[in-house]
Amino acid sequence: MTAQSLASGSSGNSILVRNERDSVLIDAGIGIKKLTSGLLQAGVNPTDLSAILITHEHGDHITGAVRMARRYRVLLVSNAPTLANISGAGSVPHKILEPGEEMVVGSLSIRPFPVSHDATCPVGYTIKCSSGATIVSATDTGKLTPQIRNEAETADLLIIESNHDVGMVVSGPYPWHLKRRILGDWGHLSNDTTARLLLDLAESGRKRTVWLAHLSKTNNTPRLAMSTAQKTLSQHIGSTITLGVALRDIPSLNWQQGHTLFQLSLFSPAVPD
Ligand SMILES: [Zn+2]
Ligand SMILES: [Zn+2]
């Protein structure tokens with residue numbers, strides 16, 4: 001099983017997950033042109049996609065979803081309340097998958113789980129491959145529920161939100177109601193909260209890769225998200241976690257079961273703040 005980040009952040013999200021036979025997208029929150037070129041670059045013909053798994057109805061997760069589903073006859077998958085909140089979803093191939101239910105696509109088994117966010121019925125996804133690998137994606141959540149922690153523990157690749165630095169939100173330009181939303185239980189995860197989760201995960205000694213995802217453009221930088229996680233993880237001697245930061249507007253990280261294909265260096269001048 002492999003995963004690739006096509007885009008990640010508050011201006012658009014899409015993760016490609018596939019094995020030799022089957023491929024799915026988690027969210028399609030960028031335009032259809034960018035999605036199509038990202039897929040082709042990754043060697044996937046959009047018509048071969050089995051499903052687009054939607055986490056929630058915010059624009060940064062669904063911008064290209066209905067058009068992708070219509071143009072390439074791809075199945076749009078989410079829970080009933082979320083699909084009901086996506087304009088046009090009823091007119092394209094779609095399937096209702098409620099939190100806790102399982103859907104099998106070839107050798108991939110897909111299960112949504114609830115997260116805590118100000119949308120109708122927001123979810124993360126756990127995707128298991130018959131080869132034994134597990135990918136867990138949880139973004140857009142204001143808090144780490146016990147269930148999110150449990151799902152995260154099963155992951156070989158964990159894609160977890162590291163949205164903002166609390167200090168940057170507090171002293172930043174957003175109006176107060178927006179600051180309260182971001183920092184609240186129905187908003188987004190901070191760098192510190194995510195870093196503490198990673199420290200807990202490191203205790204298990206299990207080898208895994210973690211992508212820090214859904215970074216805010218205004219209230220975070222890739223370098224800051226990475227250094228916060230690294231600093232916290234350094235409290236655990238011999239951590240077996242490999243870290244990457246998913247970039248906002250361009251395809252960035254790749255993961256392949258068994259080894260890391262490509263790890264961006266945050267200290268390369270090519271990586272923007
Ligand atoms: Zn989002
Ligand atoms: Zn959202």
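**Exercise 1. What volume does the largest cavity have?**

Solution. The model is predicted: local features need pLDDT of at least 70, side-chain atom pairs count only at pLDDT 80 or more, and totals for chains, interfaces and linings use all residues. Residues are numbered from 1 along each chain as its sequence is written, and side-chain values use heavy atoms, with hydrogens and water left out.

Step 1. A cavity is a set of points, on a 1 Å grid over the protein atoms alone, where a 1.4 Å probe fits but cannot get out. Grid points are joined across faces, edges and corners, and the volume is the space filled by probe spheres set on the points.

Step 2. Searching the whole structure gives 1 cavity of 30 Å³ or more. The volume of the largest cavity is about 80 Å³.

Step 3. Its lining has 13 residues (those with an atom within 4 Å of a point); Asn 13, Ile 15, Asp 27, Ser 137 and Thr 139 lie nearest the centre. The lining comprises 5 nonpolar, 7 polar and 1 charged residues. In this count Ala, Val, Leu, Ile, Met, Phe, Trp, Tyr, Cys and Pro are nonpolar, Asp, Glu, Lys and Arg are charged, and the others, Gly among them, are polar.

**Exercise 2. Determine how strand β12 is placed and paired.**

Solution. Step 1. Helices (H or I, at least four residues) and strands (E, at least two) are DSSP runs, numbered from the N terminus. Buried means under 20% relative accessible area, exposed over 50%, and partly exposed in between, with a 1.4 Å probe and protein chains only.

Step 2. In β12 (residues 208-213), 6 of the 6 residues are buried, so the strand is largely enclosed by the rest of the structure. One face carries Arg 208, Val 210 and Leu 212, the other Thr 209, Trp 211 and Ala 213, and all are buried.

Step 3. Two strands pair if DSSP finds at least two bridges between them. β11 (residues 157-161) runs parallel to β12 and is joined to it by 5 bridges; Leu 157 stands opposite Thr 209. β13 (residues 241-245) also pairs with β12 in the parallel sense, over 5 bridges, with Arg 208 opposite Ile 241.

Step 4. From β12 the chain passes through helix α9 (residues 222-233) to β13 in a right-handed β-α-β crossover. Right-handed means that, with the strands pointing away from the viewer, the path from the first strand over the helix to the second runs clockwise.

**Exercise 3. Is His 214 buried or exposed, and what is the sign of its phi?**

Solution. Step 1. His 214 sits in the loop between β12 and α9. Its relative accessibility is 1%, so His 214 is buried.

Step 2. Most residues other than glycine have a negative phi. His 214, not a glycine, has a positive phi of about 55°.

Step 3. Arg 73, in the loop between α3 (65-72) and β5 (75-78), likewise has a positive phi of about 55°. Arg 73 is exposed because its relative accessible area is 62%.

**Exercise 4. Which side chain does Ser 162 contact?**

Solution. Step 1. Ser 162 belongs to the loop between β11 and α6 (166-171). With 1% relative accessibility, Ser 162 is buried.

Step 2. A polar contact is a pair of N or O atoms within 3.5 Å; within protein, one must be able to donate a hydrogen and the other to accept it, and residues adjacent in sequence count only if both atoms are side-chain atoms. The side chain of Ser 162 makes such a contact, of 2.7 Å, with that of Asn 191.

Methods: Chains are lettered from A and ligands numbered from 1 in the order in which they are written. On a 1 Å grid over the protein atoms alone, a cavity is a set of points where a 1.4 Å probe fits but cannot get out, and a pocket is an open set with protein on both sides within 12 Å along at least five of seven lines; lining residues have an atom within 4 Å of a point.
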